[in-house]
Amino acid sequence: MSDLFTSASLSVSELNFLAKNLLEDHLSGLWIAGEVSNLTRAASGHYYFSLKDSRAQVRCAMFKGSASRLSQPLKEGSHIEVSGKISIYEARGEFQITVNEVRMVGLGCLYEAYEKLKAKLQLEGMFDLERKKPLPAYPQTIGIVTSLAAAALRDVVSTLKRRAPEIPVIIYPTAVQGAGSELQIVQAIQTASTRAECDVLIVCRGGGSIEDLWSFNEEQVVRAVGQCAIPVVSGVGHETDFTLVDFVADVRAPTPTGAAELVSPNRLESLHKLAQAQGRLKAALQQRYYDASQKIDWLARQIRHPRQKLNEQRLQMQDLAQHLRFAVQQNHRFNAQQLSRQTQALRHLRPDISQPKRDVAQFQAGLAQSFAILLQQRRQTLEKQSALLEAVSPQHILARGFSVVKNSRGQIVNSAAGLERGQKLHIVFADGETDVRVTGETAQPDLFDSA
């Protein structure tokens, strides 16, 4: 019954496949150090060996493509560091490393110095794109900094001769590897920059190990390239080789031959473009010639004797004069007819103002009569109002023996109860005025009357 819940078993090939995937997924990008043992080089160029230390070993395989990049052949007992794909050879179930790169023990220090200097220069901005100078499209002179014995020089010169044989080349010879080579490279670059006799400078050498290329990782060489007044193309090593000079140069080429191709215009391509431009120019000139010829033929047909042209203009003028006379007559006749029609229309449209004139006269007469009647009525009303006003006038009342008594403040006194002894009064009569003073015994002095 328990067998029903037991998981299915794996085949050997399935197990090896799983183990292979686990190793490749989790053990990548490592460098392994050890001693070469049981070294075999097959006729195909592949290497098979074991990498061991004091306690263990692992089988290694290095195929021809990777082996061709070795700076020196592997030897039994060599102490090396390898990097590659860590996996299992499924057919035999053997754990092995498929080696892609090999470096001698001690190269780790070089890589550490390389990365340290690279970080320092990058922090200073030596690799910034803003510092890089453009390459001239058609240089007048090309300079080369390399060794006279280098195969790279022959590749560069042959490429330049094939692509642009008309451009002169100046070589600044220097050692490109070994002790003191970095100083010679710096001197050659500075000489080229100071003389300024070329438009672009190629710094190149062929491929090799990291030790062989190390001169191009030295700080003084990198700074010399960065300070060069001439645009610099780096063509150091193979396409997979990178040196610090590649980063500071204005342009990095994958190989010396590639550097020569970058700095030189392709002569065949230039000749082809020139031939195309020549063809376009020829076609444009030919078309312009055809247009000019056609225009000349047309103008030639327009040329006539002056007397013929004069006769034509005289006939044209006579024709125009006749048309002008006819047009003037027609215009006069038309305007006369228009004037006649307008005169008749004006005569028919003149208004009859006799009746409105009689109405206006009648209205004026009625207006004068109405005004006279209204004036008489207003005069009678005025006389009645004047008589009434005269009847109630205070002057008439005073004439009948009455008088008006006022105190010193001009107020009318209409009661004796308010009078005080010695108070000054003003009396108005019909025929005059006078001042009096109160003499009664019970009178009280008035604060406002003066003595």
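What percentage of the 451 residues in the chain is made up of buried residues? Keep that one in mind; Exercise 1 works it out. This is a predicted model, where local features need pLDDT of at least 70, side-chain atom pairs count only at pLDDT 80 or more, and totals for chains, interfaces and linings use all residues. Residues are numbered from 1 along each chain as its sequence is written, and side-chain values use heavy atoms, with hydrogens and water left out.

**Exercise 1. Describe the chain as a whole.**

Step 1: start with burial. Buried residues come to 27% of the 451 in the chain, where buried means under 20% relative accessible area, exposed means over 50%, and partly exposed is in between (1.4 Å probe, protein chains only).

Step 2: count the elements. There are 12 helices and 13 strands; these are DSSP runs numbered from the N terminus, with helices as H or I of at least four residues and strands as E of at least two.

Step 3: check the spread. The chain's radius of gyration is 66 Å, well over the 22 Å from the globule rule for 451 residues, so the chain is more spread out than a compact globule. That radius is taken over C-alpha atoms, and the rule is 2.2 Å times the number of residues to the power 0.38. Along the principal axes, the C-alpha atoms fill a box of roughly 175 × 120 × 85 Å.

Step 4: look at contacts and surface. Of the contacts with a separation of 6 or more, 60% are between residues 24 or more positions apart; contact means heavy atoms within 4.5 Å. The accessible surface is about 31,200 Å², with 56% belonging to carbon and sulfur atoms (Shrake-Rupley method, 1.4 Å probe; for residues, only the protein chains shown count as cover).

**Exercise 2. Set the two UniProt domains side by side.**

Step 1: find the ranges. UniProt, in an unreviewed entry, places "domain: OB-fold nucleic acid binding" at residues 10-102, and it lists residues 126-436 for "domain: Exonuclease VII large subunit C-terminal", also unreviewed. Positions follow the numbering used here, feature names are shortened, and annotations may be inferred rather than shown by experiment.

Step 2: read off the make-up. Residues 10-102 are 20% helix and 46% strand, with end C-alpha atoms 37 Å apart. For residues 126-436, the values are 56% helix and 12% strand, with the end C-alpha atoms 130 Å apart.

**Exercise 3. Trace the pairing around β5.**

Step 1: take the parallel partner. Strand β3 (residues 57-62) runs parallel to β5 (residues 94-104), joined by three bridges; strands pair if DSSP finds at least two bridges between them. Cys60 has Ile97 in β5 as its bridge partner.

Step 2: take the antiparallel one. Strand β4 (residues 79-89) is joined to β5 by 10 bridges, and Val82 stands opposite Val102 in β5.

Step 3: inspect the turn. The β4-β5 hairpin has four residues between the strands, and Gly93 there takes a positive phi near 70 degrees.

**Exercise 4. Explain the edges of the β11-β12-β13 sheet.**

Step 1: set the order. The three strands form an open sheet in the order β11-β12-β13, with antiparallel pairing.

Step 2: find the edges. β11 (404-407) and β13 (433-437) each have a single partner strand, so one side of each lacks a neighbour in the sheet.

Step 3: zoom in. Four bridges pair β11 with β12 (residues 424-428) in the antiparallel sense; one residue match is Lys406 with His426 in β12.

**Exercise 5. Compare the settings of Tyr47, Ser37 and Ala196.**

Step 1: Tyr47 sits in strand β2 (residues 47-52). Its relative accessible area is 4%, so Tyr47 is buried. Beyond neighbours within four places in sequence, Tyr47 has contacts including Leu39, Cys60, Met62, Leu70 and Pro73.

Step 2: Ser37 belongs to strand β1 (residues 31-41), and with 8% relative accessibility Ser37 counts as buried. Leaving aside neighbours within four places, Ser37 touches Phe49, Ser50, Lys52 and Glu76. Asn38 is also in β1, and its phi is near 55 degrees, a positive value in a residue other than glycine.

Step 3: Ala196 lies in the loop between α5 (181-195) and β8 (200-205). Ala196 has 53% relative accessibility, so it counts as exposed. Its phi is positive too, near 50 degrees.
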